Structures are given as structure tokens and as C-alpha cells.
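Open the structure in your viewer and keep the selection tool ready. We will go stop by stop.

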Amino acid sequence: MLIGEVARRSGASARMLRHYESLGLVRPSGRTGSGYREYSGEDIRRIFHVESLRSLGLSLREIGRALDDPGFTPSALVDDLIRQTRERLAAETELLTRLRRIDAAEPAGWEDVLQVVALLHALASTSADARQRAALSSVDEVPVPVEALVEAALSETEPNVAGALRWALARSGGGGPALLAEGLGSPVAAVRERAVRSLAEMPGDEATARLRDALANPDAVVRQCAALALGTRGVADVVPTLIDMIVAGRNDTDAADALSVLASDTATADQIATRLVERLAPDTTEAPARGRLTQALADIPGTTAAHALVELAQDGDRAVALTAAYLLQLRDAR
């Protein structure tokens, strides 16, 4: 079979077939009387083998080795190809993500494009100062897409930078709460905590709704952080969680502060005081927790809390009694 017919059947151009011949990959078995290359069935089979291996990403040198070395084992080469392909895909995915984020910023010109690229690079910098400056400048300069801010916030370990990123997210507009809510499902506890802390600083009804959903999260830290944020937003549903936090001694001061915010409503204040008193029973609650519950009554207005403190001033636990008596004096002085 002549080279033109081989090219048509194999899909390899005549020029490529000549290149294969120059490398010694495929040599035509004969020549016609006019000197034209003539390929045998075995030659054509080898051409198809070469093309098949090329489709896997092997170089021509690797193909020659694979076909001609009787002791060649493909496993190591295939493993290497898998690694190279994964690296290439990761690089392409990263590039695609960067391009999408630039497009989301809706740059008006190349200067805007360059600013967004610079900010994205700065957010990924190894310098905490550079990351913090990028987070702060993302609000006043060309806006960084919220997706990039969320990614940075969920991976940031430096407290000052994390605070700047949360501040930037709170001013970034729509999309942030939904992306942060995805972080609540991360298998990494630190990421879940960063997600809920960022959500806690996001304004608006969507963030509040996502925080409500977080109350059912299996991670206790996520639930508690969500409860604190919702308490300061006036969501009374979190009262039981806040009281549980006081009993357990986990962020109990913050939980008591959140209860005091909720207690600005008279009816809610009486409900909070009643729940606190219920948990004060000495037969079910240990002494340290009873002390914290008593202290939590300090900023709860209304007669229910006042009456509870009067009774607690006579409590058999001297520490509880002294705390209640002191709190009553403070209430009388107001």
C-alpha cells in the first residue's frame, strides 16, 4: 500500500508518516519499481499502534520504547501519564477559575483586568500583610468576585487577615451566604468554623436564614456560633441553645450577652428567666453551672428574673446566694 492510501486509512498525514520513518518508528517494508514507499500489513498495524499510543499522550520517544523494548512494562509509564494529566487538569481548572472570576468582576478595560489579577494574586500570597491589604482594598477598588473572597476566608489562618476578609465579605453584595453555607459541610472542622463566623458577620435575611439552617449542623461549634449570631439578630428560637452553652460553660459570657439582647422584649425576657430558673435546679445542675446561670439573670429585666434572684439569695449554695444578692443590689441601684 502506498503512502497516500496509508495516510487516508490511518489518519496520519503523509508528512507525519515520513517523520515516523526518520525517527525509525515505522519503516515501509519495501519500495515500488518507481521508488515509492510501500507499506505492508504489518507496517500499517504498527502505524495504528503508534497512533493509539499518541492518543494517550505518550511522546514519540516513549512510543518507540514501548513498541521495541521486549522488557518494557507499561505500568510505570501509565502511572506517570496519570500524574501528568492530573497536574495539567489542575492547572487548567485553576486558569478557568481565574478567568471566570475576572469575568465576574465585569472589568471595563485592561487596567481593571490587571487590577483584579493583582488582587487575586495578593489574596493567595504567602505574606499575611499582602493578603490583608488585598482584602481591604477589594472593597474600594475593582471589586474582587465574592467567590474568591469566600475561598480566601475559608482557608485563612491568620486572625487579622481573617477579620479583614469577613469585613470585605460583609460588603461584597449577593452570593456570599450561599457560598459560605457550602463551607459548613466541609469535612474540615476549621473550615466549618470559618464559614459560620463569616456568615455571622454577613448582613441580610439570606445570611440569617443560612444561620438558622446551621442550628441543625452536627458540629457543636457551628451550632453555637450560629446561635450567638442569631441571638444578637433577635431570633428567639435560639434561647435553649444559648442556655445550654451557659450550662456547659462554652462561650457562656457571649451567650449571656445574646440572651440580654433578646430580653429587650418583655414577653421574651420572662420566658428566658423562666428557662434559666428551670435549669437552676440543684438536683440536675452542678454548682459551677448554677453559678453561671445565676449570673446570666443579671441582664434579664422583668419581675420573673427579679423574683428568681430573691429566692436564689437564700440558696443553699453560698456562691450562688452571694452572686444573687450582689445582682439584686445592682438592680436596685439602677
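## Stop 1: a pocket

The second largest pocket has a volume of about 220 Å³. Bear in mind that this is a predicted model.

Select its lining: R166, R197, A200, E201, V221, Q224, C225, L228, A229, T232, N251 and D254. Now colour the lining of this second largest pocket by class. You should get five nonpolar, three polar and four charged residues.

Which helices each supply at least two residues of this lining? Select α11 (189-200) and α13 (220-232) to see them. The largest share of the lining comes from α13, with six residues.

Why look for pockets with a probe? Rolling a probe the size of a water molecule over the atoms shows where empty space is left.

## Stop 2: N251

Stay with the pocket and pick N251, one of its lining residues. N251 sits in the loop between α14 (239-248) and α15 (252-262).

Check its backbone. Most residues other than glycine have a negative phi. N251 is not a glycine, yet its phi is positive, about 50°.

Is N251 buried, partly exposed or exposed? Its relative accessibility is 41%, so N251 counts as partly exposed. That class lies between the cut-offs, with buried under 20% and exposed over 50%.

## Stop 3: the neighbours of α11

Go back to α11, a helix that supplies at least two residues of the pocket lining. Add helix α12 (residues 205-214) to the selection. The axes of α11 and α12 are 9 Å apart, and the two helices pack at an angle of about 140°. That angle makes α11 oblique to α12. The crossing of α11 past α12 is left-handed.

Next, hide α12 and show helix α10 (residues 176-183). How do α10 and α11 meet? Their axes come within 8 Å and cross at roughly 155°. Angles over 145 degrees count as roughly antiparallel, so α10 is roughly antiparallel to α11. Turn the view to follow α10 past α11: this crossing is left-handed.

## Stop 4: A325

Now jump along the chain to helix α19 (residues 318-333) and select A325, which lies in it. A325 has a relative accessibility of 28%, so it counts as partly exposed.

Then add L312 and draw a distance between the two C-alpha atoms. A325 and L312 are 13 residues apart along the chain. Their C-alpha atoms are separated by 7.8 Å.

Definitions and conventions: Residues are numbered from 1 along each chain as its sequence is written. This is a predicted model: local features need pLDDT of at least 70, side-chain atom pairs count only at pLDDT 80 or more; totals for chains, interfaces and linings use all residues. Side-chain values use heavy atoms; hydrogens and water are left out. On a 1 Å grid over the protein atoms alone, a cavity is a set of points where a 1.4 Å probe fits but cannot get out, and a pocket is an open set with protein on both sides within 12 Å along at least five of seven lines; lining residues have an atom within 4 Å of a point. Grid points are joined across faces, edges and corners, and a volume is the space filled by probe spheres set on the points. Helices (H or I, at least four residues) and strands (E, at least two) are DSSP runs, numbered from the N terminus. Ala, Val, Leu, Ile, Met, Phe, Trp, Tyr, Cys and Pro count as nonpolar, Asp, Glu, Lys and Arg as charged, and the others, Gly among them, as polar. Buried means under 20% relative accessible area, exposed over 50%, partly exposed in between (1.4 Å probe, protein chains only). Axes are lines fitted to C-alpha atoms, for helices over the stretch in contact, and angles run from 0 to 180 degrees between N-to-C directions. Angles under 35 degrees count as roughly parallel, over 145 as roughly antiparallel, 65 to 115 as roughly perpendicular and the rest as oblique. A crossing is left-handed if the near helix is turned anticlockwise from the far one by less than a right angle, and right-handed if clockwise.
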